[in-house]
Amino acid sequence: RAAMDQAVAELAAGQGSDQLVTLLDHGVQYVLYPRPELGGPADATMVDTLDGTPGLGRQSLSDHYGLWRVAEPTGVLRTVSEDGLEAEALRVEGPADQLTAEIGGGHTGRRLALAEPADGGWRATLDGAELTPVDTENGTQAWALPVHGGDLRVWHTDLVHTAWWITQGVLLLIVAVLAAPGVRTEEERRLIETTPMPRPRRPRR
């Protein structure tokens, strides 16, 4: 989050196109500027700043918004070269926490970049072999990739969520067992049989 905030602030200040790398790492393909101000020839506006940023191309401009597109393609999953100068967006399938894709061979030192903040819950395998996580400058999730390609699988393991569902299942099982007639004692059964059913009360007029 901090890296994105800094990138947006520096991009708005016109500090060059280096901040576009942060946008690409987070899977941002478009920059939207609401209610743009259009000044005269001598006035420098945000529109002029974004128009003058290398790597950004204006798509549309109106009184309601301005839209710019990052020239380099990005996506939720990319292969990035060792020097970071070459990247390829992968065609993925599945929900956001269960991604699959086919990946081709490449050079040594490349990495698999995921447009999500890094945390211990993300896992990735290539043809069933688990990939090793690597650190990134912008704090996004990435893994080291071998030179060969194969079937890629990326998923997130939420340990807290999994533990909660297991706990719920255990509690539900306990409640079901306690409510089952077979576990009631003879005294409890006699008490239930002799207890009269409550009559519904009529509403007061």
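I started at strand E4 (residues 77-80), which is joined to E5 by three bridges, the two running antiparallel. Within this pair I found Thr79 opposite Glu88 in E5. Note to self: this is a predicted model.

Next I looked up the sheet around them. It is open, has four strands in the order E5-E4-E7-E10, and its pairing is antiparallel. I checked the edges: strand E5 (87-89) and strand E10 (140-144) each have a single partner strand, so one side of each is left without a neighbour in the sheet. On average, neighbouring strands here are turned by 25° against each other, direction ignored.

Then I went for the cores. The largest nonpolar core has 15 residues, and Leu77, Leu112, Leu114, Leu131, Trp143, Leu152 and Val154 have the most contacts inside it. Strands E6 (98-103), E7 (111-117), E8 (122-126) and E11 (150-156) are the elements giving two or more residues to this core. I followed Leu77 further: leaving aside neighbours within four places in sequence, its contacts include Glu88, Ala89, Leu99, Leu112 and Val154. Another core lies apart from that one, with eleven residues, among them Met4, Leu20, Leu24 and Val70.

Met4 sent me to helix H1 (residues 2-12), where the buried residues are Met4, Ala7, Glu10 and Leu11. Looking down the axis of H1, I see these buried residues within an arc of 135°, so they line one face of the helix. What do the buried residues of H1 pack against? I found helix H2 (20-25), strand E1 (30-34), helix H3 (46-51) and strand E2 (56-61). Last entry: just after H1, Gly14 takes a positive phi of about 75°.

Terms used: Residues numbered from 1 in each chain as written. Predicted model: local features only at pLDDT ≥ 70, side-chain atom pairs only at ≥ 80, totals over all residues. Heavy atoms only, no water. Buried < 20%, exposed > 50% of the residue type's maximum accessible area, 1.4 Å probe, protein only. Arc of directions from axis to C-beta. Contact = heavy atoms within 4.5 Å. Pairing = 2+ DSSP bridges. Axes fitted to C-alpha atoms, helices over the stretch in contact; angles between N-to-C directions. Core = buried A, V, L, I, M, F, W, Y, C linked by side-chain atoms within 4.5 Å.
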